[in-house]
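Work through the exercises below with the sequence and the 3D structure at hand. Each task is followed by a solution in steps.

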Amino acid sequence: MPYGYYQLVRFLAFAGFGYLAIDANKKNDGKMMFIFIALAILFQPFLKIALGRFIWNVVDVVVAGFLIISVIQNKNNHEKK
């Protein structure tokens, strides 16, 4: 993929994790707020964090898994209410 694609993905991830951090703060969930802030910093598009291709692949898979689990848990919590 072209480099611009990855820049766009990093910017969208930065914005998305920033939004999730703000939402977690509103819900008084300090643990999730900290995690989302850390992810926003990791994926921010302004200063490139060089981890190497393999480590970035592992990070991407772990973060994707974390987000999937978070969505499932959030859905289950809303259904219980």
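The exercises concern pockets and aromatic rings in this predicted model.

**Exercise 1.** Describe the largest pocket: what is its volume, and which residues lie closest to its centre?

Solution.
- Step 1. The volume of the largest pocket is about 620 Å³.
- Step 2. Its lining consists of 21 residues, and Tyr6, Arg10, Phe43, Trp56 and Asp60 are the closest to the centre.
- Step 3. Sorted by class, the lining has 15 nonpolar, two polar and four charged residues.

**Exercise 2.** Find out which helix gives the most residues to the lining of the largest pocket.

Solution.
- Step 1. List the contributors: α1 (3–26), α2 (30–43) and α3 (53–80) each supply at least two lining residues.
- Step 2. With eight residues, α1 gives the most.

**Exercise 3.** Treat the second largest pocket in the same way.

Solution.
- Step 1. The second largest pocket holds about 540 Å³ of space.
- Step 2. Its lining is made of 17 residues; Lys27, Met32, Phe36, Ser70 and Asn74 lie nearest the centre.
- Step 3. The elements that each give two or more residues to this lining are α1, α2 and α3.
- Step 4. The largest share comes from α3, which provides nine residues.
- Step 5. By class, eight residues of this lining are nonpolar, five are polar and four are charged.

**Exercise 4.** Classify the aromatic pair of Phe17 and Phe43: what are the distance between the centres and the angle between the planes?

Solution.
- Step 1. Count the pairs: the structure holds six aromatic pairs.
- Step 2. For Phe17 and Phe43, the ring centres are 5.8 Å apart and the planes make an angle of 40°.
- Step 3. Planes under 30 degrees apart count as stacked and those over 60 as edge-to-face, so the rest are tilted. The Phe17 and Phe43 pair is accordingly tilted.
- Step 4. Place the two residues in the chain: Phe17 is in helix α1 and Phe43 in helix α2, 26 residues apart, and the pair links distant parts of the chain.

**Exercise 5.** Decide whether Phe17 and Phe43 are buried or exposed, and name the aromatic cluster they belong to.

Solution.
- Step 1. The cut-off for buried is under 20% relative accessible area.
- Step 2. Phe17 has a relative accessible area of 6%, so Phe17 is buried.
- Step 3. Phe43 is at 11% relative accessibility and therefore also counts as buried.
- Step 4. Both residues belong to one aromatic cluster, formed by Phe17, Phe36, Phe43, Trp56 and Phe66.
- Step 5. Link this to the pockets: Phe43 and Trp56 are among the residues closest to the centre of the largest pocket, while Phe36 is one of those nearest the centre of the second largest pocket.

Conventions. Residues are numbered from 1 along each chain as its sequence is written. This is a predicted model: local features need pLDDT of at least 70, side-chain atom pairs count only at pLDDT 80 or more; totals for chains, interfaces and linings use all residues. Side-chain values use heavy atoms; hydrogens and water are left out. On a 1 Å grid over the protein atoms alone, a cavity is a set of points where a 1.4 Å probe fits but cannot get out, and a pocket is an open set with protein on both sides within 12 Å along at least five of seven lines; lining residues have an atom within 4 Å of a point. Grid points are joined across faces, edges and corners, and a volume is the space filled by probe spheres set on the points. Helices (H or I, at least four residues) and strands (E, at least two) are DSSP runs, numbered from the N terminus. Ala, Val, Leu, Ile, Met, Phe, Trp, Tyr, Cys and Pro count as nonpolar, Asp, Glu, Lys and Arg as charged, and the others, Gly among them, as polar. Rings of Phe, Tyr and Trp (its six-membered ring) pair if their centres lie within 6.5 Å; planes under 30 degrees apart count as stacked, over 60 as edge-to-face and the rest as tilted. Buried means under 20% relative accessible area, exposed over 50%, partly exposed in between (1.4 Å probe, protein chains only).
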